[in-house]
Amino acid sequence: MPGCASVGCSNSSTKGFVMKRLPRDSERRKQWLVKMKRDKWKPTDNTYLCEVHFASAMWQKTRVDGTRKLKSNTVPTIFSFSSLEGKKRKAPTGRAPIPKLVLPVGQL
Ligand SMILES: [Zn+2]
């Protein structure tokens, strides 16, 4: 299963999060991407966002079978960068810095 497409978020279904696929409708998908600040980015049909980006009011009542569905016109609003707005930009996570090679001393 893919992980969350949000910048700086590494949640996935294997960690127990509910994953929501991006809407198929191009207008709504665009809105999601704008919220994700990834509107220049091309998602695939396997692009997911995890549940933490949706406010509790965006969810329909939990069904009898325990599944949780979003309301039809929901857009994700909760992103970690929203609290960083205007402040120093966080370096993109997800891509770990390449560790410097440590050469064994004495073998040069
Ligand atoms: Zn996420």
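This passage describes the fold, the nonpolar core and several individual residues of a predicted model.

The chain contains one helix and two strands, and these elements follow one another along the sequence in the pattern β-α-β. Strand 1 spans residues 19-21, helix 1 covers residues 26-35, and strand 2 is formed by residues 48-50. Of the 108 residues that make up the chain, 14% count as buried. Among the contacts in the chain with a separation of 6 or more, 60% are accounted for by residues 24 or more positions apart.

The largest nonpolar core comprises nine residues, namely Cys4, Ala5, Cys9, Leu22, Trp32, Met36, Tyr48, Leu49 and Cys50. The greatest contribution to this core comes from strand 2, which supplies three residues. In soluble globular proteins, nonpolar side chains tend to be buried together. Within the core, cysteine 50 is in contact with Cys4 and Cys9, and, when its neighbours within four places in sequence are left aside, its other contacts are Asn11, Phe17, Val18 and Met19.

Alanine 5, which is also a member of the core, is placed in the segment before strand 1. This residue counts as buried because 22 C-beta neighbours lie inside 10 Å, the cut-off for burial being 20 or more. Apart from its neighbours within four places in sequence, alanine 5 is in contact with Met36, Pro43, Thr47, Tyr48 and Leu49, and of these partners Met36, Tyr48 and Leu49 are themselves listed in the core. Between alanine 5 and methionine 19, which are 14 residues apart in sequence, the distance from C-alpha to C-alpha is 10.0 Å.

Valine 7 likewise lies in the segment before strand 1, but this residue has 16 C-beta neighbours inside 10 Å and therefore counts as partly exposed. Although valine 7 and arginine 38 are separated by 31 residues in sequence, their C-alpha atoms are 8.4 Å apart in space.

Lysine 37 is located in the loop between helix 1 and strand 2. With 13 C-beta neighbours inside 10 Å, lysine 37 counts as partly exposed. The backbone of lysine 37 has a positive phi of about 60°, even though this residue is not a glycine. Most residues other than glycine have a negative phi.

Note on methods:
Residues are numbered from 1 along each chain as its sequence is written. This is a predicted model: local features need pLDDT of at least 70, side-chain atom pairs count only at pLDDT 80 or more; totals for chains, interfaces and linings use all residues. A nonpolar core is a set of buried Ala, Val, Leu, Ile, Met, Phe, Trp, Tyr and Cys residues joined through C-beta atoms within 7 Å. A residue is buried if 20 or more other C-beta atoms lie within 10 Å of its own, exposed if 12 or fewer, and partly exposed in between; C-beta atoms are placed from the backbone. Helices (H or I, at least four residues) and strands (E, at least two) are DSSP runs, numbered from the N terminus. Two residues are in contact if their C-beta atoms, placed from the backbone, lie within 7 Å.
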